[in-house]
Amino acid sequence: MQQLGMTRSSYQRDHALITPDTFIRTHLPGWQDSACIVHIAPQMGAAFTMYQVEMQASGKGSAAPEGIERFVYVLEGEVLLHMEGTTHPLSEGGYAFFPADTAHVLEAVGKARLAVYEKFFQPLDGVLAPSVIVGNEADVEGRPLGDDPDLIVRMLLPDQLSYDMAVNTMTFKPGASLSLVEVHVMEHGLLMLQGGGIYRLSDHWYAVTAGDVIYMAPYCPQWFGAIGKQPARYLLYKDANRHPLEV
């Protein structure tokens with residue numbers, strides 16, 4: 001396909017599908033011996049950044065720039081999280097949330113691959129700042145979305161006013177789908193982790209599979225249905241718990 005200038009990637013006014021054949025690697029400050037793939041950034045109108053980090057065995061990552069909070073999810077391999085004199089091993093499915101200006105180091109154990117979300121933190125008067133969270137998706141209770149037992153959500157961050165972002169995984173059994181076309185003020189950054197299906201974005205319909213990245217701007221009509229013989233699962237970011245006029 002590339003020899004013919006073809007790709008499934010698409011960039012539109014209110015959404016983007018970015019497929020692995022179009023990924024471009026670069027170096028970002030703070031990441032040593034690591035290649036970064038910036039998928040979503042303010043340059044496309046987003047209020048957050050989403051990227052992947054491919055760490056070599058000697059790879060290390062330091063804290064995000066001043067004022068920026070960070071969520072890290074381990075896609076492959078293992079990393080050691082060093083923070084406040086303590087070391088936490090994070091294997092596949094492991095994750096960590098760092099409030100803005102939290103000192104930490106992520107050290108690869110062999111090669112590792114991470115998904116990273118970052119945004120400027122928006123404090124609320126009278127509300128406590130968020131806390132560091134370290135966990136693993138496998139330990140998070142899955143709950144049906146609505147009343148559909150074939151669509152399971154795992155919330156990786158608390159739904160509390162202290163947190164101005166939400167990160168979930170969503171797992172669809174084959175044939176399961178969202179119950180409606182969603183249109184809302186929140187924007188999304190999505191990474192397909194497993195399986196595939198059909199994603200409606202605005203007036204476009206896309207076949208998607210593991211490894212694909214999707215950006216959904218505010219008010220982009222969106223819907224997903226799983227197709228195939230294995231479950232479809234994705235990692236999903238959205239902004240949360242803030243009044244639109246305060247953003």
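**Cores, salt bridges and the open sheet**

Let me start with one phenylalanine: leaving aside residues up to four places away in sequence, F71 touches Y95, A96, F97, A115, V116, Y117, L156, L157, M165 and V167. I should say at once that this is a predicted model, and that the contacts and areas I go through were computed from it.

Where does F71 belong in the wider picture? F71 and V167 are the residues with the most contacts inside the largest nonpolar core, which has 29 residues. At least two residues of this core come from each of strand 2 (15–18), strand 3 (31–40), strand 5 (68–83), strand 7 (94–98), strand 8 (105–120), strand 12 (165–172), strand 16 (213–216) and strand 18 (232–239). Strand 5 gives the most, with 3 residues. There is also a second, separate core, made of 21 residues, and Y199, F224, A226 and Y234 are among them. As general background, nonpolar side chains in soluble globular proteins tend to be buried together.

Let me turn to the charged residues, where the structure holds 11 salt bridges. In one of them, E69 pairs with K119, and their closest N and O atoms are 3.8 Å apart. Because E69 lies in strand 5 and K119 in strand 8, this pair ties together parts of the chain that are 50 residues apart in sequence. Are these two partners buried or exposed? E69 counts as buried, because its relative accessibility of 1% is under the 20% cut-off, and K119, at 5%, counts as buried as well.

A further salt bridge joins the side chains of R233 and E137, at 2.8 Å from N to O. This pair, too, links distant parts of the chain, with R233 in strand 18 and E137 in the loop between strand 9 (133–136) and strand 10 (143–145), 96 residues apart. R233 is buried, with a relative accessible area of 19%, and I would read that label with care, because the cut-off for buried is under 20%. E137 counts as buried at 8% relative accessibility.

What is the setting of the salt bridge between E141 and R143? Here the closest N and O atoms are 4.0 Å apart, and E141 is exposed, as is R143. To finish with the charges, salt bridges that share partners join E69, K119 and D164 into one network.

On the surface there is also a nonpolar patch, formed by V181, V183, V185 and Y219, which together have about 340 Å² of accessible area. Of these residues, Y219 is found in the loop between strand 16 and strand 17 (222–226).

Next, a histidine: H39 is placed in strand 3 and counts as buried, because its relative accessibility is 5%. Not counting residues up to four places away in sequence, H39 touches I18, F23, M44, M50, Y51, Q52 and V213.

Two of those contacts, I18 and V213, bring me to the strand pairing, since I18 in strand 2 has V213 in strand 16 as its bridge partner. Strand 2 and strand 16 run antiparallel and are joined by 4 bridges. Strand 2 is covered on both faces, with H15 and L17 buried on one side and A16 and I18 buried on the other.

Strand 2 also pairs with strand 1 (residues 10–11), again antiparallel, through 2 bridges. The two strands form a hairpin with 3 residues between them, in which S10 stands opposite L17 and Y11 has A16 as its bridge partner.

How do these pairs fit into the whole sheet, and in what order do the strands stand? The sheet is open and is formed by 8 strands in the order 1-2-16-13-18-12-11-10, with antiparallel pairing. Strand 1 and strand 10 stand at the edges, each with a single partner strand, so one side of each is left without a neighbour in the sheet.

To sum up, I would keep three points in mind when looking at the model: the 29-residue core with F71 and V167, the buried E69 in its salt bridge with K119, and the open sheet of 8 strands.

Technical notes:
Residues are numbered from 1 along each chain as its sequence is written. This is a predicted model: local features need pLDDT of at least 70, side-chain atom pairs count only at pLDDT 80 or more; totals for chains, interfaces and linings use all residues. Side-chain values use heavy atoms; hydrogens and water are left out. A nonpolar core is a set of buried Ala, Val, Leu, Ile, Met, Phe, Trp, Tyr and Cys residues joined through side-chain atoms within 4.5 Å. Buried means under 20% relative accessible area, exposed over 50%, partly exposed in between (1.4 Å probe, protein chains only). Contact means heavy atoms within 4.5 Å. Patches are made of residues with over 30% relative accessible area and no salt bridge: like charges are joined within 9 Å, nonpolar side chains (Val, Leu, Ile, Met, Phe, Trp, Tyr) within 5 Å. Accessible areas come from the Shrake-Rupley method with a 1.4 Å probe; for residues, only the protein chains shown count as cover. Two strands pair if DSSP finds at least two bridges between them.
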